[in-house]
Amino acid sequence: RKKQLIPVKVNISTVLKNVIEISEVNHLIELKFGITLVWYENRVEYHNLKVKEALNALSDKELQSLWIPYIIFANTDDDEAVTIQNTRSRVSVKREGSFVRSGPEITDEIEIFQGREN
């Protein structure tokens, strides 16, 4: 049976951190800014999420199981494509949904959160 592809809504916000250089003669501007991408990963489960988002940082191994959007800056010199792997990025999970506890067959007690809610 073929799986149905469902589009993912990605919310994007930016913060201008610094205007590094403006060259009117060369029609150039160099900026430093931060970008935040927020989306729900419907295909995964997270275990033992903390209330404080900073404590839910994902490891490189965990990142490999996620779909990660990439950004193309079409108005740069090289139409740069930006991914998590080629930037100083961090990825964390925000705890928003409820959880279920693991069953008695699991030795450790685990709180299981669905990706579609967190």
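This passage walks through the strands, two residues with unusual backbone angles, and one pocket of a predicted model.

A good place to start is the pairing of β1 and β2. Strand β1 covers residues 11-23 and strand β2 covers residues 28-38, and the two run antiparallel, joined by 11 bridges. In general, strands of a sheet pair through backbone hydrogen bonds, in either a parallel or an antiparallel manner. Within this pair, E21 stands opposite E30 of β2. Together β1 and β2 make a hairpin, with 4 residues between the strands.

The turn of this hairpin holds a residue that deserves a look on the screen. H27 sits in the loop between β1 and β2, and its phi is positive, near 55 degrees, in a residue other than glycine. Most residues other than glycine have a negative phi. H27 has a relative accessibility of 72% and so counts as exposed, the threshold being over 50%.

A second residue invites a similar inspection. N48 is not a glycine, yet has a positive phi of about 55 degrees. The loop between β3 and α1 (60-63) is where N48 is found. With a relative accessible area of 30%, N48 is partly exposed.

Strand β3 leads on to an open sheet. This sheet has 3 strands in the order β3-β7-β6, and their pairing is antiparallel. Its edge strands are β3 (45-47) and β6 (99-101), each of which pairs on one side only. Neighbouring strands of the sheet are turned against each other by 30 degrees on average, with direction ignored. Strand β7 spans residues 111-114 and runs antiparallel to β6, with 3 bridges between the two. Here R101 stands opposite E111, a residue of β7. As a general guide when viewing such strands, the side chains in a regular strand alternate between the two faces of the sheet.

Helix α1 contributes D60 to this description. D60 is exposed because its relative accessibility of 61% lies over the 50% limit. Between D60 and R90 there are 9.9 Å in space, taken from C-alpha to C-alpha, while in sequence the two residues are 30 residues apart.

Attention now turns to E41 and the residues around it. E41 is located in the loop between β2 and β3. Is this residue buried or exposed? Its relative accessible area is 6%, under the 20% limit, and therefore E41 is buried. The side chain of E41 has polar partners that can be traced in the model. One polar contact, of 3.1 Å, links the side chains of E41 and R43. The E41 side chain also reaches the backbone nitrogen of W67, at 2.7 Å.

These three residues appear again in a pocket lining. E41, R43 and W67 are among the residues that line the second largest pocket. Rolling a probe the size of a water molecule over the atoms shows where empty space is left. The second largest pocket has a volume of about 350 Å³. Its lining draws on K3, Q4, L5, I6 and V8, and also includes W39, Y40, E41, N42, R43 and W67. What is the chemical make-up of the lining of the second largest pocket? The residues divide into 6 nonpolar, 2 polar and 3 charged. For a reader following along in the structure, E41 thus offers a handy point of entry: this buried residue belongs to the pocket lining, and its side chain makes a polar contact with that of R43.

Terms used: Residues are numbered from 1 along each chain as its sequence is written. This is a predicted model: local features need pLDDT of at least 70, side-chain atom pairs count only at pLDDT 80 or more; totals for chains, interfaces and linings use all residues. Side-chain values use heavy atoms; hydrogens and water are left out. On a 1 Å grid over the protein atoms alone, a cavity is a set of points where a 1.4 Å probe fits but cannot get out, and a pocket is an open set with protein on both sides within 12 Å along at least five of seven lines; lining residues have an atom within 4 Å of a point. Grid points are joined across faces, edges and corners, and a volume is the space filled by probe spheres set on the points. Ala, Val, Leu, Ile, Met, Phe, Trp, Tyr, Cys and Pro count as nonpolar, Asp, Glu, Lys and Arg as charged, and the others, Gly among them, as polar. Two strands pair if DSSP finds at least two bridges between them. Axes are lines fitted to C-alpha atoms, for helices over the stretch in contact, and angles run from 0 to 180 degrees between N-to-C directions. Buried means under 20% relative accessible area, exposed over 50%, partly exposed in between (1.4 Å probe, protein chains only). A polar contact is a pair of N or O atoms within 3.5 Å; within protein, one must be able to donate a hydrogen and the other to accept it, and residues adjacent in sequence count only if both atoms are side-chain atoms.
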